[in-house]
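Let's take a walk through this protein together, starting with the whole and then stopping at a few places along the chain. Keep the picture open as you read.

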Amino acid sequence: ITLRSFCKMAIEKKVIQKNVAENVKLLSQQPLAPKRLTPPEFRRFLREVELRGNLRDRLIIEMMAGAGFRVSELANMKVSDIVISERKGSAVVRNGKGNKTRTVVLNPKIRQLLTTYLEKEQPKDFLLVGQRGPIKALAINHIVSIYAKKANVKCWPHLLRHHFAYNFLSHHQGEIVGLAQILGHSSLNTTNLYAQHTIDDLQAKVEVMVY
């Protein structure tokens, strides 16, 4: 890949006339699981959110870590997309990735936070609002980075989505189809990455081997 880029630049600068690296076969890479927070890191991160964060911030974090929403999906979500009853609840994601619409079920903790948030803030249109109106995706990224810094962990919004995926599979092993439905993946190959091991997982397994 580096040689291809170098040759492309050399062509643009008219140093060479042909990209000799263009047809070189690339090495296939071993698929590994997406990165994730360790359980202690996540607990530390969530503790900072619960201790320091306001209700809206807690709701944002919980909806990513507890339901797998993307940042853009949260930023575009409206009050009318939320349906909550005593025993169940869901949120409709409209025009998600790939312009797909899906319904995501919500756990009891998120339902309680949503109920409290809606009663307190009373948003009229968009669900997540700030002093200047609906908050944008950039603001959500900033919120996550603030608490990550306070907790001294490396965390970004999509990592919380990964956390949800791993947590779901740890409680429901082999439920790839169900997870794909929740996350809005069009291909099971994408979802199946969460069933792969990370390098740290593999390292821990070989450390205890006796031969």
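What follows goes from the overall build to one helix, and then to some single residues.

One thing to know before we start: what you're looking at is a predicted model. The secondary structure comes to 10 helices and five strands. If you lay the C-alpha trace along its principal axes, it spans about 65 × 55 × 35 Å. How does the radius of gyration sit beside that of a compact globule of 211 residues? The globule would come out near 17 Å, whereas this protein has 21 Å.

Now for the inside and the outside. Buried residues make up 39% of the 211 residues. The accessible surface is about 14100 Å², and carbon and sulfur atoms account for 53% of that. As for charge, the protein carries 33 positive and 17 negative charges, and the mean positions of these two sets are 5 Å apart. There's also plenty to say about who meets whom along the chain: take the contacts with a separation of 6 or more, and 59% of them are between residues 24 or more positions apart.

Let's zoom in on helix 3, which runs over residues 55-65. How many of its 11 residues are buried? The count is 10, so the helix is mostly covered, given that buried means under 20% relative accessible area. Among the buried ones you'll find Leu55, Leu59, Ile60, Ile61, Met63 and Met64, and the charged-type names Arg56, Asp57 and Glu62 are on the list too. What does the covering? Several helices take part, including helix 2 (39-52), helix 4 (71-76), helix 5 (108-121), helix 6 (137-151) and helix 7 (157-171), and strand 4 (129-130) is included as well. Have a look at the start of helix 3 while you're there: a side-chain oxygen of Asn54 comes to within 3.2 Å of the backbone nitrogen of Arg56.

Helix 2 was one of the covering elements, and it's where Glu48 has its place. Is Glu48 buried or exposed? With a relative accessible area of 14%, Glu48 falls under the 20% cut-off and therefore counts as buried. Setting aside residues up to four places away in sequence, Glu48 touches Gly53, Tyr147, Lys150 and Ala151.

Next, hop over to the strands. Val93 lies in strand 2, which covers residues 89-93. Its relative accessibility is 2%, so Val93 counts as buried. Beyond residues up to four places away in sequence, Val93 touches Phe69, Glu73, Met77, Lys100, Thr101, Arg102 and Val104. Leu74 is 19 residues away from Val93 in sequence, and the two C-alpha atoms are 8.5 Å apart in space.

Arg102, one of the residues that Val93 touches, belongs to strand 3 (residues 102-105). Arg102 is buried, because its relative accessible area is 12% and the cut-off is 20%. Which side chain does the side chain of Arg102 join in a polar contact? The partner is Glu73, at 2.8 Å. Glu73 also turned up among the residues touched by Val93. Once neighbours within four places in sequence are left aside, Arg102 is in contact with a long list of residues, including Gly68, Arg70, Ala91, Val92, Arg161, Gln181, Ile182, Leu183 and Gly184.

Now out to the loops, where two backbone angles deserve a glance. Lys14 sits in the loop between helix 1 and helix 2, and its phi is near 60°, a positive value in a residue other than glycine. Lys14 is exposed, because its relative accessible area is 75% and the cut-off is 50%. Gln122, found in the loop between helix 5 and strand 4, also isn't glycine, and has a positive phi near 50°.

Let's finish with two more stops. Ile1 lies in the segment before helix 1 (2-12). At 71% relative accessibility, Ile1 counts as exposed. Ile1 and Lys25 are 24 residues apart in sequence, with 9.9 Å between their C-alpha atoms. Thr190, in helix 9 (residues 188-192), counts as partly exposed at 38% relative accessibility. Lys136 is 54 residues from Thr190 along the chain, and their C-alpha atoms are separated by 27 Å.

Methods: Residues numbered from 1 in each chain as written. Predicted model: local features only at pLDDT ≥ 70, side-chain atom pairs only at ≥ 80, totals over all residues. Heavy atoms only, no water. Buried < 20%, exposed > 50% of the residue type's maximum accessible area, 1.4 Å probe, protein only. Helix = DSSP H or I, 4+ residues; strand = E, 2+ residues; numbered from the N terminus. Contact = heavy atoms within 4.5 Å. Polar contact = N/O pair within 3.5 Å; in protein donor to acceptor, adjacent residues only side chain to side chain. Rg over C-alpha atoms; globule rule 2.2 N^0.38 Å. Areas by Shrake-Rupley, 256 points an atom, 1.4 Å probe, with all protein chains shown as cover. Charge placed at Lys NZ, Arg CZ, Asp CG, Glu CD.
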